[in-house]
Amino acid sequence: MVNNPHKIAHRWMTLILLGVIVVFLRVLWELIDLHIFIPQSPDYRERKYDNTYELLGLRGRILDRNGVVLAESVSGREVAIDAQDPALSNPKLDRDSMPIELAELLGVNQEKLIEAYASGRRYTKICTITDDALIHELQRRKDPSNTTNRIAGLSIATVKSVRSYPNGARLCHVLGFVNHDGDGVYGIEQRFDSELSGTNGMVHAVYDGRRREIRSRRIDEVEPIHGNDIYLTIDNNVQYIIENALSNALANFQAESGTIIVQKVKTGEILGMATLPSFKPQEFNKHFQDEWKNIAVSRCYEPGSVMKAITVAMALQMGIITEHTVFDVGTSGVWYYAGKPLRDKVYGKIRARELLMQSSNIGTAQIGLLMAQPAPQKGMPEPNELLWRSFNAMGLGRKTGIELVGEEHGIFWDYRKKAMWNKLSPTRIPLGQSISVTAIQLVNAYATIANGGYLMQPTIIKEVRSHEGELVRANPPNILGRPLSKEVSDKMLDLLQSVTGLSPRGTGWRANLPSYTVAGKTGTGQIPVNGHYNHSDYNVSFIGIYPATRPELAILVTIEKPRGSVRSGGGVAAPTFAAVAEDIGRYLGIPADKLPKEQKKK
């Protein structure tokens, strides 16, 4: 019997069709199972069809007053070496050249990579990178399909964020840094850590059989929250000017360290705060912890003769003296009180102007004794009470409240702690000995003299904004008190111009500027060691206010332990002030109040 060929073909077609239907139903079932039943199944996680991953919440930026980025966080990759990678056993790989090639790509030390490959460890961190082009190149070089110049053992993992400081070490003590745990340390990074910190988001995702995310099937999603941006009162260009000048001064005068602060006298805003030596925030672990501290707010020191301007100002304010009061400082250059000598380079009878211009120790000590007398008529019946309250009203002996970590009170004992005061104290404190202050306290006191007598709270924060740019918090000027009258303020500005005058020369004549009048004072403070003053080491200072006829800025310069032939405030700090003040004034567009010499002749 012969089979009908048509029946055979029909049977085969039926079988094929049934097979296709079975395969289709199988695929359909897998899709239904994947999209409907699997997410509801109790063993869903065990079947590895889902996973969670983080969405990066970036740390907020720190910017200068003009929006220049000083610190920011970006997503990055951590590069590591897996010395146990099986591919390293491939005899075709040139293991000797791989560390050298990778070192050139990453810009790191070759020895570090050679050691990592030889360590046998599963994971040795090399560096963190943020450059997309470099990340792409590294991924290409680690791809197993790359048979020409593959780098085996290379591991590239996503990290939470990378903190970047575009200007390197500039402003490092103000900014602080972020440690390896992502926490802010010192400076603005620590003070505003909670506002700067971002919050990571999360995605609970579903994947297909090829481990591709099915976005339409996300189980849960939480958006990341980026940290707020902190805008400083600092001007990046002003900071550049003062750091360069300070670096030159330390080199020229062979000094150990130094500080320059630029403050707007009417608002208390800090436009620049430089302290050297510095460090790179991204390499903080290469420096000792003491090097991280901002000495402009955390180091207390005896200020020397810059205190004399504060003494004269408060004596005028309290009615203890007038500008015409005569002080007889003698002709021998030495004055004894309580059995101790006080030496001077000023002789004869002087008034407040000569006292400040030539920086008379004896004249200032005599003012201190007058201020130390009980003043019951002023409500201050105790000895030393008026003296203490006067200086305290100018912000000495207490924190200024600037928004930086580690600010010190200074050392200025309350008059009621009688054991801390002796007979010499009223003759030494007014001329800058037996009292310790911070640089920020001093420049703020001079700003008070400059602005009509208002004690402003120094500030380094302009405003806080969200990641999207919305204003979170403004920071308006804050008046802490008014220890001086407008009349006394104006009188002090006049008297202090004599210090920087060229004819006759005051101690600060080197601070004289071509375009601006300057009111200021020099200081050469001896450094106490084991209860005695070191006669070779000094903290030398100059604080200048300008333009003196309509003050805008106060600038403090303090240099610690200059070692050259010149070691005075007038010889070291005053010219450093001049090196920055003229440029800053022109950059900020402050109108000149001195006519050029050519115009003067006409």
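How many of the eleven residues of α10 are buried? Ten of them are, so α10 is largely enclosed by the rest of the structure. The close-ups below start with that helix and then move on to other spots in this predicted model.

**View 1. Helix α10 and what surrounds it.** Here we're looking at α10, residues 307-317. The buried residues are Met307, Lys308, Ala309, Ile310, Thr311, Val312, Ala313, Met314, Ala315 and Leu316. Quite a few elements pack against them: α11 (352-358), α12 (361-372), α13 (385-393), α15 (439-450), α16 and the strand β23 (519-529). Just past the end of α10 comes glycine 319, with a positive phi of about 75°.

**View 2. Helix α10 crossing helix α16.** Now for one of those packing partners on its own: α16 spans residues 486-497, and its axis comes within 10 Å of the α10 axis. The two axes cross at roughly 140°, and the crossing is right-handed. On the α10 side, the contact is made by Ala309, Val312, Ala313, Leu316 and Gln317. On the α16 side, look for Val488, Lys491, Met492, Leu495 and Leu496. Of the α10 contact residues, Ala309, Val312, Ala313 and Leu316 are among those listed as buried.

**View 3. Alanine 372 in helix α12.** Alanine 372 is found in α12, one of the helices that the buried residues of α10 pack against. With a relative accessibility of 9%, alanine 372 counts as buried. Setting aside neighbours within four places in sequence, its contacts are Pro383, Asn384, Leu387 and Pro426. For a sense of scale, alanine 372 and phenylalanine 412 sit 40 residues apart in sequence and 15 Å apart in space, going from C-alpha to C-alpha.

**View 4. Glutamate 269 and its two basic partners.** Glutamate 269 has a salt bridge to arginine 65, with 3.5 Å between the closest N and O atoms. Glutamate 269 lies in the loop between β13 (257-264) and β14 (270-276), while arginine 65 is in the loop between β2 (62-63) and β3 (69-74), so this pair ties together parts that are 204 residues apart in sequence. Both glutamate 269 and arginine 65 are buried. Glutamate 269 also forms a salt bridge with lysine 264, and there the closest N and O atoms are 3.7 Å apart. The relative accessibility of glutamate 269 is 14%, which puts it in the buried class. Lysine 264 is partly exposed, at 26%.

**View 5. A four-residue salt-bridge network.** Arg59, Arg163, Glu189 and Asp193 are joined into one network by salt bridges that share partners. Across the whole structure, a search turns up 26 salt bridges.

**View 6. Glutamate 78 paired with lysine 125.** This salt bridge brings the closest N and O atoms of glutamate 78 and lysine 125 to 3.5 Å. Glutamate 78 belongs to strand β4 and lysine 125 to strand β5 (residues 124-129), so to speak two distant parts of the chain, 47 residues apart, linked by one pair. Glutamate 78 counts as buried at 17% relative accessibility, whereas lysine 125 is partly exposed at 40%.

**View 7. Helix α2 and its cover.** In α2, the buried residues are Ser97, Met98, Pro99, Leu102, Ala103 and Leu106. Their cover includes both strands from the previous view, β4 and β5, along with α3 (110-119), α4 (132-142) and β6 (154-158). Glycine 107 follows α2, and its phi is positive, near 70°.

**View 8. Aspartate 85 in the loop leading to α2.** Aspartate 85 sits in the loop between β4 (77-81) and α2 (97-106). Is aspartate 85 buried or exposed? At 18% relative accessibility, it counts as buried. Apart from neighbours within four places in sequence, aspartate 85 is in contact with Arg150, Ala152 and Gly153. Aspartate 85 and serine 247 are 162 residues apart in sequence, and their C-alpha atoms are 48 Å apart in space.

**View 9. A nonpolar surface patch.** The last stop is on the surface, where Ile8, Trp12, Leu15, Leu17, Leu18, Ile21, Phe24, Leu25 and Leu28 form a nonpolar patch. Together these residues have about 890 Å² of accessible area. One of them, leucine 18, is located in helix α1, residues 5-40. Leucine 18 is partly exposed, with a relative accessible area of 46%.

Key: Residues numbered from 1 in each chain as written. Predicted model: local features only at pLDDT ≥ 70, side-chain atom pairs only at ≥ 80, totals over all residues. Heavy atoms only, no water. Patch = residues over 30% accessible without salt bridge, like charges linked within 9 Å, V, L, I, M, F, W, Y side chains within 5 Å. Areas by Shrake-Rupley, 256 points an atom, 1.4 Å probe, with all protein chains shown as cover. Salt bridge = Lys/Arg side-chain N within 4 Å of Asp/Glu carboxyl O. Helix = DSSP H or I, 4+ residues; strand = E, 2+ residues; numbered from the N terminus. Buried < 20%, exposed > 50% of the residue type's maximum accessible area, 1.4 Å probe, protein only. Axes fitted to C-alpha atoms, helices over the stretch in contact; angles between N-to-C directions. Left-handed = near helix turned anticlockwise from the far one by under 90°. Contact = heavy atoms within 4.5 Å.
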